[in-house]
Amino acid sequence: MNSLVKDAQKAGERVGLKSDQIVITGGNPLKGRIRVRGAKNLATKAMVAALLGETPSVLRDVPDISDVEVVRGLLEVYGVVVTSTVPGELQFDTSNVERAHFAEIDAHAGSSRIPILFCGPLLHRLGEARIPDLGGCRIGDRPIDFHLDALRAFGAVVDKSFEGIYITAPDGLKGANITLPYPSVGATEQVLLTAVRATGTTELKNAAIEPEIMDLIAILQKMGAIISVEPNRVILIEGVDRLVGYKHTALFDRNEVASWAAAALVTKGDIFVEGARQVEMMTFLNVFRKVGGAFDVEDDGIRFYRPEGDLKPVTIETDVHPGFMTDWQQPLIVALTQATGVSFVHETVYEDRFGFTDALNEMGANIVVHKEGLPDHPRRVARRDFEQAAVITGPTKLHGANVRVPDLRGGFSYLIAALGAEGVSTVSNVGIISRGYEHFIDKLEVLGADFVFEG
Ligand SMILES: CC(=O)N[C@H]1[C@@H](OP(=O)(O)OP(=O)(O)OC[C@H]2O[C@@H](n3ccc(=O)[nH]c3=O)[C@H](O)[C@@H]2O)O[C@H](CO)[C@@H](O)[C@@H]1O
Ligand SMILES: C=C(OP(=O)(O)O)C(=O)O
């Protein structure tokens with residue numbers, strides 16, 4: 001069994017999925033109401049932050065996804081007692097952190113990217129950190145040089161001479177002046193989680209400012225941290241001696257909202273996504289409207305639907321916040337296969353994030369990927385050494401096929417394509433989708449999809 005299939009099975013099993021494939025008959029418009037809970041990209045970081053508190057923390061609206069289970073397992077290895085008395089709520093008791101049993105971390109190797117964020121909190125609590133090999137979506141090289149350089153700037157000593165990473169801080173962690181080469185989400189979180197209890201002040205330049213990062217800062221402030229977000233991507237953190245636990249309701253999952261919105265477009269459906277908020281979705285909503293979708297913002301969520309008329313092509317560049325998020329392009333591309341004309345999607349965040357389009361082409365799409373980007377194509381700002389472009393010509397009829405989920409967002413885009421296709425599709429490896437989409441099988445059922453899923 002190859003490692004991708006094993007990852008998918010493990011991910012699915014963590015949230016109780018018994019089968020790894022779904023058979024979808026396309027053609028039903030998705031209609032109805034679903035609820036989106038806390039973001040994968042916030043809840044997992046909030047769980048790491050709990051380790052910094054000397055008293056217990058409570059996180060609400062935690063999604064039932066496998067990445068949360070991975071971080072829960074790691075917290076337990078690191079001595080945190082995690083309990084849940086109410087569905088969607090987790091309590092973290094950190095009073096026994098000194099009993100961390102590092103020997104067990106290897107069981108968590110390759111499961112997610114979150115383990116790297118434990119470095120600062122573990123150094124503060126235990127004086128050492130042992131981190132398993134990282135996992136996460138395979139979308140090109142995903143180095144951790146910004147993380148390790150930042151940790152070294154705080155005074156940490158990094159040993160990578162065995163599988164995983166071992167880090168110590170023989171002279172303690174001291175505030176630092178750090179400039180990130182790129183506004184990396186993870187590296188910004190690394191700096192925040194380390195600086196809050198370092199001695200002195202940390203100035204972070206070129207920080208990421210995604211809504212999930214602002215929510216993490218809100219959590220840290222509740223815990224006693226002093227963090228100010230200055231103009232021009234500068235964050236100042238004044239280290240404090242002690243942090244306490246927090247009570248917090250996680251920010252909703254923007255990526256899940258964008259995915260269901262795209263599903264409404266492709267299937268000519270009408271989906272009310274409870275829990276979605278306009279402010280964090282503004283960039284997406286502009287594009288959704290330009291493509292030909294319609295939405296109504298209500299106090300408790302957003303309704304996404306497809307009015308009469310053709311879908312229209314667009315040109316977009318993925319970018320850091322407040323730009324168009326890289327995790328939104330995959331579901332949107334399925335909708336663009338149904339637009340009349342030629343769309344361009346420039347991927348500027350990751351270097352290899354269009355692999356999923358091969359299977360869409362097998363289903364009848366016309367997507368040409370330019371691995372070196374389109375140098376002659378005018379771009380708003382040339383930012384990175386690498387970029388890729390996908391040119392999508394539509395509309396093309398999609399037909400059923402057998403496809404295998406390669407990664408989280410690509411996987412959800414296959415579900416959408418299968419739902420909009422003529423005929424029957426078998427989508428395998430769907431366990432990977434449970435890394436970031438809570439109860440997606442139940443939601444498909446509620447929305448009236450025609451499918452068979454054993455288990
Ligand atoms: C768990 C989580 O929150 N995942 C999100 C997070 O990933 P993640 O935090 O891993 O993404 P980053 O923002 O760090 O990565 C952005 C770019 O920076 C590069 N880089 C990053 C760190 C580093 O040390 N060196 C380096 O070169 C990466 O290879 C990538 O090309 O933000 C991404 C960008 O919004 C999202 O797609 C992911 O869903
Ligand atoms: C890339 C993603 O996640 P991760 O960073 O956890 O691999 C994603 O959520 O699309």
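In this predicted model, the shell around ligand 2 comprises 2 nonpolar, 4 polar and 3 charged residues. The residues that surround ligand 2 are Ser112, Arg113, Gly136, Cys137, Asn255, Asp327, Leu408, Arg409 and Gly436. Because domain 1 (3-36 + 252-452) and domain 2 (40-249) both give residues to this shell, ligand 2 lies between them.

Turning to the other ligand, 19 residues surround ligand 1, and the closest are Asn41, Phe146, Ser184, Val185 and Gly186. Two elements, helix H5 (145-153) and helix H6 (185-195), give two or more residues to the shell around ligand 1. By class, this shell has 10 nonpolar, 5 polar and 4 charged residues. Here too both domains take part, with at least three residues of the shell around ligand 1 drawn from each of domain 1 (3-36 + 252-452) and domain 2 (40-249).

Asn41 is worth a second look together with its neighbour in sequence, since the UniProt annotation "binding site", from an unreviewed entry, covers Lys40 and Asn41. Lysine 40 is placed in helix H2 (residues 40-50), and asparagine 41 is found in helix H2 as well. Are these positions buried or exposed? Lysine 40 counts as buried because it has 27 C-beta neighbours inside 10 Å, where 20 or more are needed. Asparagine 41 is likewise buried, with 27 other C-beta atoms within 10 Å. Apart from its neighbours within four places in sequence, lysine 40 is in contact with Pro63, Ile65, Asp67, Asp253 and Gly436. Of these contacts, Gly436 is also listed among the residues that surround ligand 2.

The largest nonpolar core has 147 residues, and those with the most contacts inside it are Ala46, Ala49, Ala262, Ile271, Val273 and Ala335. Helix H8 (residues 254-266) gives the most to this core, contributing 9 residues. The core also draws at least three residues from each of domain 1 (3-36 + 252-452) and domain 2 (40-249). For alanine 46, the contacts beyond four places in sequence are Leu59, Leu216, Ile219, His248 and Ala250.

A buried polar residue is found in a loop as well. Asparagine 429 lies in the loop between strand S22 (424-428) and helix H13 (440-446). Asparagine 429 has 22 other C-beta atoms within 10 Å and is therefore buried. In sequence, asparagine 429 and valine 403 are 26 residues apart, while their C-alpha atoms are 8.9 Å apart in space.

Definitions and conventions
Residues are numbered from 1 along each chain as its sequence is written. Chains are lettered from A and ligands numbered from 1 in the order in which they are written. This is a predicted model: local features need pLDDT of at least 70, side-chain atom pairs count only at pLDDT 80 or more; totals for chains, interfaces and linings use all residues. A residue is near a molecule or strand if its C-beta atom, placed from the backbone, lies within 6 Å of it. Helices (H or I, at least four residues) and strands (E, at least two) are DSSP runs, numbered from the N terminus. Ala, Val, Leu, Ile, Met, Phe, Trp, Tyr, Cys and Pro count as nonpolar, Asp, Glu, Lys and Arg as charged, and the others, Gly among them, as polar. Domain bounds come from an automatic or database domain assignment. A nonpolar core is a set of buried Ala, Val, Leu, Ile, Met, Phe, Trp, Tyr and Cys residues joined through C-beta atoms within 7 Å. A residue is buried if 20 or more other C-beta atoms lie within 10 Å of its own, exposed if 12 or fewer, and partly exposed in between; C-beta atoms are placed from the backbone. Two residues are in contact if their C-beta atoms, placed from the backbone, lie within 7 Å. UniProt positions are given in the numbering used here, feature names are shortened, and annotations may be inferred rather than shown by experiment.
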